[in-house]
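Reader: I have a new chain open and would like to go through it with you piece by piece. Could you bring it up so that we can start?

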Amino acid sequence: MSDKHQERQQKVKEQVDAKVAAAQIEKGILQVITGNGKGKSTSGFGTVARCVGHGMNAAVVQFIKGMWECGERNLLEKAGVPFAVMKTGFTWETQNRETDTLAAQETWAVAKEWLKDESIDLVLLDELTYMVSYDYLDLDEVIEALERRPAMQSVIITGRGAHRRLKDLADTVSEVQNIKHAFEAGVKARKGFDF
């Protein structure tokens, strides 16, 4: 049994080693995390924590959820991570397209500056997909900023319904799928778990 297992694992190792040897391009990664499941922003924040943990610089732009207390922001700001927060809350609560668009544009202005800054290794554009789908931000302008960013800067975009052009531009696309969600069963969002 162990000989067959060892043979199988050796083949897997050889395949993995070959892929590692072939991956020689050095550049910043553009990742899109989309889908209807829970955990898109959490995944993005996990990568921000990883970046900071390696002594690198990260910045976070939060669209949509700016009115809530954010455990990740509480922690990461203490580690020196700057945040630009839209601070209007959920768009279905404000129900004011004009003020939401203005707030999105002001927050995007900060994001554009960070997307030019070579000293920032990673920019998280949390919930950006909504700003594009609601036409608060111009998709062409967003793509241009992403394409012109410093060569080694990585960017993570989160949110449901990512536009096809954002997914096409991305190096990595992950789709988070809901199987079950506690909220759909009437469970209240929990501090320290959901926010």
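Reader: Thanks. Let me start with a loop residue: is Asp135 buried or exposed?

Author: Keeping in mind that this is a predicted model, Asp135 counts as exposed because its relative accessible area is 58%, which is over the 50% cut-off.

Reader: And where does Asp135 sit in the chain?

Author: Asp135 lies in the loop that runs between helix 6 and helix 7, the latter covering residues 139–148.

Reader: What about the phi of Asp135?

Author: The phi of Asp135 is positive, at about 60°, although the residue is not a glycine. As background, most residues other than glycine have a negative phi.

Reader: Which loop holds Glu127, and what is its phi?

Author: Glu127 also has a positive phi without being a glycine, with a value near 70°, and its place is in the loop between strand 4 (122–126) and helix 6 (128–133).

Reader: Buried or exposed, that Glu127?

Author: Glu127 is buried, because its relative accessibility is 7% and the cut-off for buried is under 20%. So the two loop residues with positive phi part ways here, with Glu127 counted as buried and Asp135 as exposed.

Reader: Let me step back for a moment. How many helices and strands are there, and in what pattern?

Author: The protein has eight helices and six strands, and along the sequence they follow the pattern α-β-α-β-α-β-α-α-β-α-α-β-α-β.

Reader: What box do the C-alpha atoms fill, and what share of the residues is buried?

Author: Taken along the principal axes, the box filled by the C-alpha atoms is roughly 65 × 45 × 35 Å, and buried residues account for 38% of the 195 residues in the protein.

Reader: Switching to cysteines, how many disulfides does the count come to?

Author: The count comes to zero disulfides. Cys51 is in none, and the nearest cysteine sulfur to its own, that of Cys70, is 17 Å away.

Reader: Why is there no bond for Cys70?

Author: The sulfur of Cys70 is too far from the closest cysteine sulfur, in Cys51, because the two are 17 Å apart, whereas a disulfide needs the sulfur atoms within 2.5 Å. As for their surroundings, Cys51 is buried at a relative accessible area of 7%, and Cys70 is buried at 6%.

Reader: What is the volume of the second largest pocket, and which residues are closest to its centre?

Author: The second largest pocket has a volume of about 230 Å³. Its lining has 13 residues, of which Thr47, Cys51, Asp121, Leu122 and Ser154 are the closest to the centre, and the elements giving two or more residues to that lining are helix 2 (40–53) and strand 5 (154–158).

Reader: Now the surface: which residues make the nonpolar patch?

Author: Val12, Val16 and Val20 make a nonpolar surface patch of about 250 Å². Val12 belongs to helix 1, residues 2–22, and counts as partly exposed because its relative accessibility is 40%.

Reader: Last one, where is Lys87, and how far is its C-alpha from that of Ala104?

Author: Lys87 is in the loop between strand 3 (83–85) and helix 4 (91–94), and is exposed, with a relative accessible area of 57%. The C-alpha atoms of Lys87 and Ala104 are separated by 9.4 Å, with the two residues 17 apart along the chain.

Methods:
Residues numbered from 1 in each chain as written. Predicted model: local features only at pLDDT ≥ 70, side-chain atom pairs only at ≥ 80, totals over all residues. Heavy atoms only, no water. Patch = residues over 30% accessible without salt bridge, like charges linked within 9 Å, V, L, I, M, F, W, Y side chains within 5 Å. Areas by Shrake-Rupley, 256 points an atom, 1.4 Å probe, with all protein chains shown as cover. Salt bridge = Lys/Arg side-chain N within 4 Å of Asp/Glu carboxyl O. Helix = DSSP H or I, 4+ residues; strand = E, 2+ residues; numbered from the N terminus. Buried < 20%, exposed > 50% of the residue type's maximum accessible area, 1.4 Å probe, protein only. 1 Å grid on protein atoms, 1.4 Å probe; cavity = no way out; pocket = protein on both sides within 12 Å on 5 of 7 lines; lining within 4 Å. Points joined across faces, edges and corners; volume = space filled by probe spheres on them.
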